[in-house]
Amino acid sequence: MGFLDNAPLGEGADALRARVRKAPPGLEIAAYWQSVAQATTDPQRRLLSYMVAALLARGWMLTVDRVMESAAETLGEEPAQVQAELDALVALDLVTLDGNKILALAGLLTTRPGALVFKYDTQHEVGLVGPLAALAVGRALQKTGTVRATCGDDRASKLSLDVDKEGVANREPDCVCMFLPAWNGEASPTAATAGGVLLRDDEALGRWQEGAGDPDGMPLTSLFFPMAAADLAGQVGAALESVLNHLPDFD
C-alpha cells in the first residue's frame with residue numbers, strides 16, 4: 001500500500017488516483033498538487049497560510065505544539081478544530097511532520113538545510129523540497145527572489161533561477177536544465193519530488209541520467225526548459241497559490 005492508497009482523499013479519490021497515474025512520467029506529482037488544491041477547505045488553507053507565513057518570517061519553525069497553540073490564538077479557533085485541520089493537511093502531504101517537528105509545507109518549503117534554497121529578500125531564505133518547487137515557488141508565494149542550487153551532476157557548479165510572481169524569469173547559466181522524477185504513488189509526493197535535480201547543461205543531464213541508471217521521469221532539456229517552466233508555474237504554482245490564499249493576511 002502506498003501514499004495514494006492510504007491517504008484519505010475524500011470525494012473524488014478514485015478520479016484523483018486515475019489522473020495521477022495517467023499523467024506522463026515526471027508530471028504525476030504536478031497532477032497531484034493541482035487536484036489536492038481543489039480539495040482543501042478554507043480553514044485548512046488559512047492554517048497552512050499561517051504556517052508558511054511563520055516560516056517565511058523566521059526562516060525556521062517552532063515545534064508543532066507551539067505552532068498549533070499560536071495558530072489557535074491567532075486564528076480564533078478552538079485547539080481541537082486547529083488540530084483537525086492540521087491532521088487533514090498532513091493526510092494530504094501539505095504538511096510533513098517528524099514527531100513534533102515540521103519538516104515541509106505546501107509541497108514547496110522544507111525546514112531542513114540543503115543545496116536548493118529560495119532567497120526572497122536580503123535577510124531571508126528558505127529551503128525548497130525539490131526542483132518542481134523551484135519552478136512553482138514564485139507564483140505560489142507571490143514573491144520575487146532567486147532560487148540557488150548546485151548542479152546535480154558535479155555537485156559543485158552554481159546555478160540560479162530568478163523567479164517572480166508569474167514563474168521563472170531568468171536562469172543562470174542560460175543552459176540550465178532539469179530532471180523531474182516519476183512518481184508511482186508509493187512515497188509521499190514531498191519525499192518523491194526531492195529525487196529531482198537541476199543541472200548546468202544538457203551534457204550534465206545525460207551524464208546524470210546514465211549515472212542514476214536512466215530512471216523514469218521527465219528530462220527537461222535546456223531548449224524546452226523555459227516552456228516547461230512556464231507551464232508548470234502556471235499549473236502547480238497557481239494551484240498552490242490558491243491553497244495559500246490567506247498568506248496576505250499574515251504579512
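**A walk through two helix pairs and a few notable residues**

Helix α7, covering residues 131–141, packs against helix α10, residues 225–243, at an angle of about 55 degrees, and their axes are 7 Å apart. Please keep in mind as you look around that this is a predicted model. Angles from 35 to 65 degrees fall outside the parallel and perpendicular classes and count as oblique, and α7 and α10 are therefore oblique to each other. If you turn the view so that one helix lies over the other, you will find that α7 passes α10 in a right-handed crossing.

Which residues of α7 meet α10? On the α7 side they are L132, L135, A136, R139 and A140. Their partners in α10 are F225, A229, L232, A233, G234, V236, G237, A238, L240 and E241. Sorted by character, the residues of this contact between α7 and α10 divide into 11 nonpolar, 2 polar and 2 charged. The glycines G234 and G237 belong to the α10 side, and glycine is counted with the polar residues here.

Just past α7 you come to Q142, which sits in the loop between α7 and β6 (145–150). Its backbone is worth a look: Q142 has a positive phi of about 55 degrees, although it is not a glycine. With a relative accessibility of 31%, Q142 counts as partly exposed.

Now move to a second helix pair. Helix α4 (residues 42–58) and helix α5 (residues 64–75) pack at an angle of about 120 degrees, with 11 Å between their axes. These two helices, α4 and α5, are therefore also oblique to each other, and their crossing is right-handed. From α4, the contact draws on R46, L47, Y50 and M51, while α5 brings V67, M68, S70, A71, T74 and L75. The residues where α4 meets α5 divide into 7 nonpolar, 2 polar and 1 charged.

Stay with α4 a little longer, as S49 lies in this helix too. Is S49 buried or exposed? Its relative accessible area is 0%, under the 20% cut-off, so S49 is buried. The S49 side chain reaches the backbone nitrogen of H246 at 3.2 Å. Leaving aside residues up to four places away in sequence, S49 touches V243, L244, N245, H246, L247 and F250. One of these, V243, brings you back to α10, which spans residues 225–243.

R58 is also placed in helix α4. This residue, R58, is partly exposed, with a relative accessible area of 37%. How far is R58 from P219 in sequence and in space? The two are 161 residues apart in sequence and 35 Å apart in space, C-alpha to C-alpha.

Two loops round off the tour. In the loop between β8 (167–172) and β9 (177–181) you will find P173. The peptide bond leading from E172 to P173 is cis, with omega near -5 degrees.

The other loop runs between α9 (202–211) and β11 (217–220), and D214 is found there. D214 has a positive phi of about 50 degrees and, like Q142, is not a glycine. What is the relative accessibility of D214? The value is 55%, and D214 therefore counts as exposed, whereas Q142 is partly exposed.

Definitions and conventions
Residues are numbered from 1 along each chain as its sequence is written. This is a predicted model: local features need pLDDT of at least 70, side-chain atom pairs count only at pLDDT 80 or more; totals for chains, interfaces and linings use all residues. Side-chain values use heavy atoms; hydrogens and water are left out. Axes are lines fitted to C-alpha atoms, for helices over the stretch in contact, and angles run from 0 to 180 degrees between N-to-C directions. Helices (H or I, at least four residues) and strands (E, at least two) are DSSP runs, numbered from the N terminus. Angles under 35 degrees count as roughly parallel, over 145 as roughly antiparallel, 65 to 115 as roughly perpendicular and the rest as oblique. A crossing is left-handed if the near helix is turned anticlockwise from the far one by less than a right angle, and right-handed if clockwise. Contact means heavy atoms within 4.5 Å. Buried means under 20% relative accessible area, exposed over 50%, partly exposed in between (1.4 Å probe, protein chains only). A polar contact is a pair of N or O atoms within 3.5 Å; within protein, one must be able to donate a hydrogen and the other to accept it, and residues adjacent in sequence count only if both atoms are side-chain atoms.
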